[in-house]
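Biologist: Hello! I would like to understand the reasoning behind the words you use for this protein. Could you show it to me first?

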Amino acid sequence: MDVGDRDVRVDATMGTSPRSNRRTERSLLGVVVLAAVALVPSASAAPPPPNLPLPGDPARLALALTDTTASLRAAIARWSDRRGPPPSDVTLYALYQQRLYRYLARHERIERDTLARVPSSLAAVSRDLLVAHRELYRLTPPLPARAIKVGPSAAPAALLGYYREAQRRFRVPWDVLAAVNFVESKFGKLRSTSAAGAQGPMQFLPATWRRYGLGGNVRDPHDAIMGAGNYLHASGAPRNLRRALYAYNPSAAYVDAVLRFARRVRADRTMFYELYSWQVFVKTPSGDRRVTGPALP
């Protein structure tokens, strides 16, 4: 546990009358609340540093998740030029939010107790993100460190344009294409070839790309998104998105995860920018490892 998990100890022995006890209880509550607030980022404070320790108990986790998400969304609203990478405050808030979710995903009992303390709308979104994360994590084999390749993703404005173009051409919903792009390569940040040989930001096997890639470059984000739209349409989209996604990756868990992300992106465009600003964590034989973002070792 980090410093945020230390007990707050206050001598509560003073006073024996009911009124004195009530004053003591109110004082204790105030100390606990102030201590909790001091251990999480504040909307009016500077963004959290990249390796800020996470709180470990549900009350402080709930406060951290609520406040960090609000701060991240406010920072996204201030992000004026979306033809380039996220500003530093967006990057830092998004990383802290992502680390909170990854911690909750590993501790299901703490997750339940934490989400019971956040606003219902945030709890609903969080449950979708956490279920999708667990489904995908179970499907993901460890990647040898030597095989990890990363790079910058295309600008969010450009990606949204590519999704819309593919939607017009192939009638595949833009949010589904965005979700596939996120799941397969974190919007192109992860450049590694998969163990099965899949390549590019939409992770095509060579044979599938030859058939559906429209003669493009599998590593080019525009061409890859067009190829994905073509393949999903040929596989049943938009009439049967589940069947189309299952053809893309024959796993019911994969299909469910993609549709959970797509639903959240469709319902709230800001969620696209939140996910876009998350970093790449990879599963390796020696444990999970962050390979993009600030303050890497």
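Modeller: Gladly. A residue is called buried when its relative accessible area is under 20%. By that cut-off, buried residues make up 49% of the 297 residues in this protein. Please keep in mind that the model is predicted.

Biologist: What makes up the protein, in terms of helices and strands?

Modeller: There are 12 helices and 2 strands. Along the sequence the pattern is α-α-α-α-α-α-α-α-α-α-α-α-β-β, with the strands at the end.

Biologist: Why is the span of α9 called close to the expected one?

Modeller: The expected span is 1.5 Å times one less than the number of residues. Helix α9, residues 221-234, has 14 residues, and for these 20 Å is expected. From its first C-alpha to its last, α9 reaches 20 Å, so the description fits.

Biologist: Which residues of α9 are buried, and what covers them?

Modeller: Ala224, Ile225, Met226, Gly227, Ala228, Gly229, Asn230, Tyr231 and Leu232 of α9 are buried. Their cover includes α6 (156-170), α7 (174-185), α8 (206-212) and α10 (241-248).

Biologist: What makes the pair at the start of α9, Asp220 and His222, a polar contact?

Modeller: The cut-off is 3.5 Å between N or O atoms, one able to donate a hydrogen and the other to accept it. A side-chain oxygen of Asp220 comes to within 3.1 Å of the backbone nitrogen of His222, so the pair qualifies.

Biologist: And what follows α9?

Modeller: Gly236 follows α9, with a positive phi near 125 degrees.

How values were computed
Residues are numbered from 1 along each chain as its sequence is written. This is a predicted model: local features need pLDDT of at least 70, side-chain atom pairs count only at pLDDT 80 or more; totals for chains, interfaces and linings use all residues. Side-chain values use heavy atoms; hydrogens and water are left out. Helices (H or I, at least four residues) and strands (E, at least two) are DSSP runs, numbered from the N terminus. Buried means under 20% relative accessible area, exposed over 50%, partly exposed in between (1.4 Å probe, protein chains only). Contact means heavy atoms within 4.5 Å.
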